[in-house]
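Student: I should like to learn how to read the features of a structural model. Where might we begin?

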Amino acid sequence: MSANTTTSKLLSPLKLSCGLTLKNRIVMAPLTRARAGQERLPNDLMAEYYAQRASVGLIISEATSISERGLGWPNTPGIFTAEQVQHWKKVTEAVHAKDTPIFLQLWHCGRASHSSFQPDGLAPYAPSPIAISGDQVHTASGKQDYETPREMSLELIAETVKEYGRAAKLAKEAGFDGVEVHGANGYLIDQFLEAVTNQRNDAYGGSLEKRQRFLKEVLEAVCAEWPSDRVGLRLSPNGRFNGMGEVDYRANFLDTASMLAKYNLCYLHVMDGADFGVPEHGSPMTLDEFRVVYPGLLIGNAGYTQALAEERLAQGSADLIAFGRLLISNPDLAERFEHGWPLAPSPDPSIWYSFDAHGYTDFPVYSASQG
């Protein structure tokens with residue numbers, strides 16, 4: 001049965017304050033797919049992949065490293081060289097040909113990296129020298145134990161903030177419509193925000209306000225290159241991925257969201273589902289909690305179905321809903337939602353990070369004749 005597009009909030013357009021008009025409220029979530037090769041250059045295959053999924057309202061690119069030190073996953077793309085800028089243009093042009101805006105997600109892995117990724121061959125940097133335990137990192141030579149990171153000096157913190165600004169500038173040169181700052185899933189910004197990974201006793205650690213300082217400086221650097229309403233931020237208040245798990249997570253993230261309100265961002269992207277774990281110290285946070293303290297656009301993400309997305313939008317809990325795994329195997333997800341066509345099942349995770357077209361661009365669109 002076809003969805004009633006006159007009553008579907010998910011399939012209705014939305015004009016953003018920055019002037020961009022989204023054809024629907026479906027967002028393609030950032031998905032690490034590891035197809036950029038050892039050179040970390042976006043390519044024709046990646047352009048095809050994103051263009052296939054451009055019937056959504058907004059695409060957020062896969063996490064993209066702002067510097068060599070920020071790397072932490074094999075074959076993921078970067079945005080720190082002129083050559084990468086030129087190659088990203090293949091992607092942005094392919095998506096824009098479908099009249100869809102695309103934001104680039106800015107990423108620094110921090111301690112969720114390995115010495116084999118670092119330009120000096122030493123352990124990666126983080127706010128504090130605390131290693132991730134109970135898990136391993138994917139490297140070019142297979143999974144390896146996480147290492148105890150080196151604590152970032154004040155000079156390196158300042159340099160990293162500048163790298164975020166440079167990466168944001170390069171994203172504009174590459175033709176993106178905006179950028180999303182990755183502050184979720186246990187990567188560098190999240191590591192500064194949460195006390196479990198930030199045990200500094202200087203201007204960047206201790207109180208919540210001090211732990212927020214790095215994020216504030218990053219946002220200021222990025223907003224110096226882009227209007228703030230072309231900048232989004234992603235947070236994962238419930239996630240335990242990469243060894244996270246703040247005791248005072250509720251107070252931490254609500255205060256952070258309240259602080260963010262003054263930046264007039266394009267949106268706040270909240271991982272409110274359980275895909276990355278649930279809090280050890282209490283109940284999961286909800287979008288409604290963020291709605292109280294954050295007046296801007298909210299994107300919900302993680303584990304959404306079409307019905308749940310419609311419910312959250314109708315309730316006013318969210319303005320946009322991001323889908324990840326469903327878009328891997330359903331490149332025409334918006335059309336399937338609109339027409340009530342069946343969804344292809346989520347693919348085997350073993351092909352998520354393979355290095356060719358299989359499990360990437362070879363998922364077919366639905367044909368009405370199939371029904």
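Tutor: Let us begin with how segments are named: helices and strands are DSSP runs, numbered from the N terminus. Arginine 40, for example, is found in the loop between strand E3 (26-28) and helix H1. Please bear in mind that this is a predicted model.

Student: What is the sign of phi at arginine 40?

Tutor: Arginine 40 has a positive phi of about 60°, although this residue is not a glycine. A second case is asparagine 185, also a residue other than glycine, with a positive phi near 60°. Asparagine 185 lies in the loop between strand E10 (178-182) and helix H4 (188-193).

Student: Is arginine 40 buried or exposed?

Tutor: The term buried applies under 20% relative accessible area. Arginine 40 has a relative accessibility of 11% and therefore counts as buried. Asparagine 185 is at 5%, so this residue counts as buried as well.

Student: How is a polar contact of a buried side chain to be read, and with which residue does the side chain of serine 12 make one?

Tutor: The criterion is a pair of N or O atoms within 3.5 Å. The side chain of serine 12 makes such a contact with the side chain of arginine 25, at 3.0 Å. Serine 12 is placed in the segment before strand E1 (14-15) and is buried, with a relative accessible area of 16%. Leaving aside residues up to four places away in sequence, serine 12 touches Lys23, Asn24 and Arg25.

Student: How does one check the length of a helix, and what span should helix H2 have?

Tutor: The expected span is 1.5 Å times one less than the number of residues. Helix H2 (residues 82-96) has 15 residues and should therefore span 21 Å; its end C-alpha atoms are 21 Å apart, which agrees.

Student: Which residues of H2 are buried, and against which elements do they pack?

Tutor: The buried residues are Gln84, Val85, Trp88, Val91, Thr92 and Val95. They pack against helix H1 (44-52), strand E4 (58-65), strand E5 (102-107) and helix H3 (154-173).

Student: How many residues does the largest nonpolar core have?

Tutor: In soluble globular proteins, nonpolar side chains tend to be buried together. Here the largest nonpolar core has 81 residues, and those with the most contacts inside it are Leu106, Phe214, Val222, Leu260, Leu268 and Phe323. Helix H3 supplies the largest share of this core, eight residues. A second, separate core of 15 residues includes Leu16, Leu58, Phe103 and Leu320.

Terms used. Residues numbered from 1 in each chain as written. Predicted model: local features only at pLDDT ≥ 70, side-chain atom pairs only at ≥ 80, totals over all residues. Heavy atoms only, no water. Helix = DSSP H or I, 4+ residues; strand = E, 2+ residues; numbered from the N terminus. Buried < 20%, exposed > 50% of the residue type's maximum accessible area, 1.4 Å probe, protein only. Polar contact = N/O pair within 3.5 Å; in protein donor to acceptor, adjacent residues only side chain to side chain. Contact = heavy atoms within 4.5 Å. Core = buried A, V, L, I, M, F, W, Y, C linked by side-chain atoms within 4.5 Å.
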